[in-house]
Amino acid sequence: MSRFLNVLRSWLVMVSVIAMGNTVQSFRDHSFLSEKLYTGTPEFVNGLQARTFGIWTLLSSIIRCACAIDIQNKTLYHITLWTFVLALGHFLSEAFIYKTAPLTIGVMAPLIVASKFLYRGNADWVAVCSRASGRGGCTAEEAELIPSSRKLF
């Protein structure tokens, strides 16, 4: 397995563990969300919203951890990409559309994590496929041309 994949796997496990901590915190005390994330309108944060956020975070954590274990599973990798897309979309909309989550460190951290994965994960995959096919991205048949030491899936 390539060095990139090993680093990515370690990073996904680290992100998963942090997310599990956020899940526990969301169930323990819902004021965590109003103090760290949704500081623009803390009155909107209640126990139900905190538990829903906690379940969403736990599900994302489980998916990311599963991807770290089986990183060459293309379907699981794409599902993991979508967890980051959803997180990015959620936090950007809360910050810029609904104005419930100003750009504090509590909001910037998940934005940076999601952006980094979306950029690095896709950029390396596209670069490897470009070398195999001569253009951006690749089909399943083209991916088969990539030596196994360079495959990301």
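A residue is taken as buried when its relative accessible area is under 20%. By that criterion, 41% of the 153 residues of the chain are buried in this predicted model. The chain has 6 helices and 0 strands, so that it is helical from one element to the next may be put simply as the pattern α-α-α-α-α-α along the sequence. Of the contacts between residues at least 6 apart in sequence, 61% join residues at least 24 apart.

Two of the helices may be introduced by their lengths. Helix 1 covers residues 3-28, and its 26 residues should span 38 Å at 1.5 Å a residue; the end C-alpha atoms are 38 Å apart, so expectation and model agree. Helix 3 gives a similar check: its 23 residues should span 33 Å, and its end C-alpha atoms are 33 Å apart, which agrees. The buried residues of helix 1 are Leu5, Leu8, Trp11, Leu12, Val15, Ser16, Ala19, Thr23 and Ser26. In helix 3, the buried residues include Gly47, Ala50, Phe53, Gly54, Thr57 and Ser60, and Ser61, Ile63, Arg64, Cys67 and Ala68 are buried as well. The cover over these buried residues of helix 3 includes helix 1, helix 2 and helix 4.

The packing of helix 3 (residues 47-69) against helix 4 (residues 74-96) deserves a closer look. Their axes lie 9 Å apart and make an angle of about 145°, and the crossing is left-handed. Helix 3 brings Phe53, Trp56, Ser60, Ile63, Arg64, Ala66 and Cys67 to the contact. From helix 4 come Leu76, Tyr77, Ile79, Thr80, Thr83, Phe84, Leu86, Ala87, His90 and Phe91. By type, the residues of this contact divide into 12 nonpolar, 4 polar and 1 charged.

Two threonines of helix 4 help to picture this contact. Thr80 is in helix 4 and counts as buried because its relative accessibility is 0%, under the 20% cut-off. Leaving out residues up to four places away in sequence, Thr80 touches Leu12, Ile63, Arg64, Cys67 and Phe117. Thr83, also placed in helix 4, has a relative accessibility of 6% and therefore counts as buried. Beyond its neighbours within four places in sequence, Thr83 is in contact with Ser60, Ile63 and Arg64.

Attention now turns to the nonpolar core. The largest such core has 28 residues, of which Leu12, Leu33, Tyr38, Phe84 and Phe117 touch the most other members. At least two residues of this core come from each of helix 1, helix 2 (31-36), helix 3, helix 4 and helix 5 (105-133). Helix 4 gives the most, with 6 residues. Leu33 can serve as an example: apart from residues up to four places away in sequence, Leu33 touches Ser26, Tyr38, Val45, Gln49, Ala50 and Phe53.

A final point concerns the backbone. Most residues other than glycine have a negative phi. Lys99, although not a glycine, has a positive phi of about 60°. Lys99 is placed in the loop between helix 4 and helix 5, and with a relative accessible area of 52%, over the 50% cut-off, this residue counts as exposed.

Terms used: Residues are numbered from 1 along each chain as its sequence is written. This is a predicted model: local features need pLDDT of at least 70, side-chain atom pairs count only at pLDDT 80 or more; totals for chains, interfaces and linings use all residues. Side-chain values use heavy atoms; hydrogens and water are left out. Axes are lines fitted to C-alpha atoms, for helices over the stretch in contact, and angles run from 0 to 180 degrees between N-to-C directions. Helices (H or I, at least four residues) and strands (E, at least two) are DSSP runs, numbered from the N terminus. A crossing is left-handed if the near helix is turned anticlockwise from the far one by less than a right angle, and right-handed if clockwise. Contact means heavy atoms within 4.5 Å. Ala, Val, Leu, Ile, Met, Phe, Trp, Tyr, Cys and Pro count as nonpolar, Asp, Glu, Lys and Arg as charged, and the others, Gly among them, as polar. Buried means under 20% relative accessible area, exposed over 50%, partly exposed in between (1.4 Å probe, protein chains only). The expected span of a helix is 1.5 Å times one less than its number of residues. A nonpolar core is a set of buried Ala, Val, Leu, Ile, Met, Phe, Trp, Tyr and Cys residues joined through side-chain atoms within 4.5 Å.
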